[in-house]
Amino acid sequence: MSKDYFQQKANAYEQDENRVKNVENIANAILNHFDFHNIKHIMDFGSGTGLLLENLARFVDKITAIDISTSMNKKLAEKSSAVTCELEILEIDLSEKPLDRKFDGIISSMTMHHISDIQKMFNNFYHMLHVNGFIAIADLELEDGDFHTDDTGVFHFGFEPKAFLNYAKEAGFKNLAFKSASIAHKPNGDYPIFLLTGIK
Ligand SMILES: C[S@@+](CC[C@H](N)C(=O)[O-])C[C@H]1O[C@@H](n2cnc3c(N)ncnc32)[C@H](O)[C@@H]1O
């Protein structure tokens with residue numbers, strides 16, 4: 001069965017100004033937290049159309065964009081010449097098993113609620129980082145289930161901060177910190193977005 005749950009959404013994905021602004025806020029929260037001076041190669045997990053990575057591209061040499069969705073990857077590929085660093089797009093389901101690669105950092109925005117086994121995902125992130133590599137993972141705080149109009153492919157209605165942080169701690173991450181990164185505005189309400197940061 002196809003896991004391209006974004007097939008119907010990909011074309012209009014960036015037409016939602018609130019969504020674009022939300023991811024820009026997340027990117028700024030990441031940039032405010034980490035010094036990108038020695039960061040060369042990062043991975044964007046669940047990169048979608050590239051809203052997050054395009055805000056960080058000028059600070060790194062290379063970004064590996066990972067997404068399971070053919071449609072979202074296609075939208076990203078169409079605008080790849082505007083991305084100001086080397087860009088590699090991989091169409092894989094990273095929740096299944098880690099890549100045999102090491103990155104300086106892993107960024108992710110609004111993807112973890114689409115992942116069933118959060119502990120396994122953090123274990124995989126840990127495996128794919130150099131020592132001192134970072135994670136910067138943004139997603140929804142616990143919500144009432146109204147954020148998505150269609151829950152296909154949605155495994156979590158946001159996350160409780162302490163429980164989410166504990167998964168990362170259990171995987172081995174240190175210097176873990178939680179902060180508020182943005183508010184996602186939707187017609188049916190406002191949804192707080194957190195950023196979890198940590199170091200291998
Ligand atoms: C809500 S979108 C977020 C896209 C982008 N990060 C943003 O903030 O605009 C979630 C993305 O995660 C991708 N995704 C979901 N599960 C995945 C998995 N197991 N492996 C790779 N990508 C996945 C989806 O295809 C989708 O493009």
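These are my notebook entries on a ligand shell, a helix pair and two asparagines in a predicted model.

**Conventions.** I number residues from 1 along each chain as its sequence is written. Because the model is predicted, I require pLDDT of at least 70 for local features and 80 or more for side-chain atom pairs, while totals for chains, interfaces and linings use all residues.

**Ligand.** I looked up the residues around the ligand (C-beta atom, placed from the backbone, within 6 Å of it) and found 20. Gly 46, Gly 48, Ser 69, Ser 109 and His 114 come nearest. I sorted the shell into 10 nonpolar, eight polar and two charged residues. Here Ala, Val, Leu, Ile, Met, Phe, Trp, Tyr, Cys and Pro count as nonpolar, Asp, Glu, Lys and Arg as charged, and the others, Gly among them, as polar.

**Helices.** I then examined H4 (residues 118-127) and H5 (residues 161-171), whose axes lie 8 Å apart at an angle of about 45°. That angle makes H4 oblique to H5; oblique covers what is left after under 35 degrees (roughly parallel), over 145 (roughly antiparallel) and 65 to 115 (roughly perpendicular). From H4, residues including Phe 122 and Tyr 126 meet residues of H5, among them Tyr 167 and Ala 171. I record seven nonpolar, two polar and one charged residue in this contact, for which C-beta atoms placed from the backbone must lie within 7 Å.

**Asparagines.** I noted positive phi values near 75° for Asn 132 and near 50° for Asn 175. Asn 132 belongs to strand E5 (residues 129-140), and Asn 175 to strand E6 (residues 174-186). Asn 132 is exposed, with 12 other C-beta atoms within 10 Å; exposed means 12 or fewer such atoms. Asn 175 is exposed with 10.

Definitions and conventions: Axes fitted to C-alpha atoms, helices over the stretch in contact; angles between N-to-C directions. Helix = DSSP H or I, 4+ residues; strand = E, 2+ residues; numbered from the N terminus. Contact = placed C-beta atoms within 7 Å. Buried ≥ 20, exposed ≤ 12 C-beta atoms within 10 Å, placed from the backbone.
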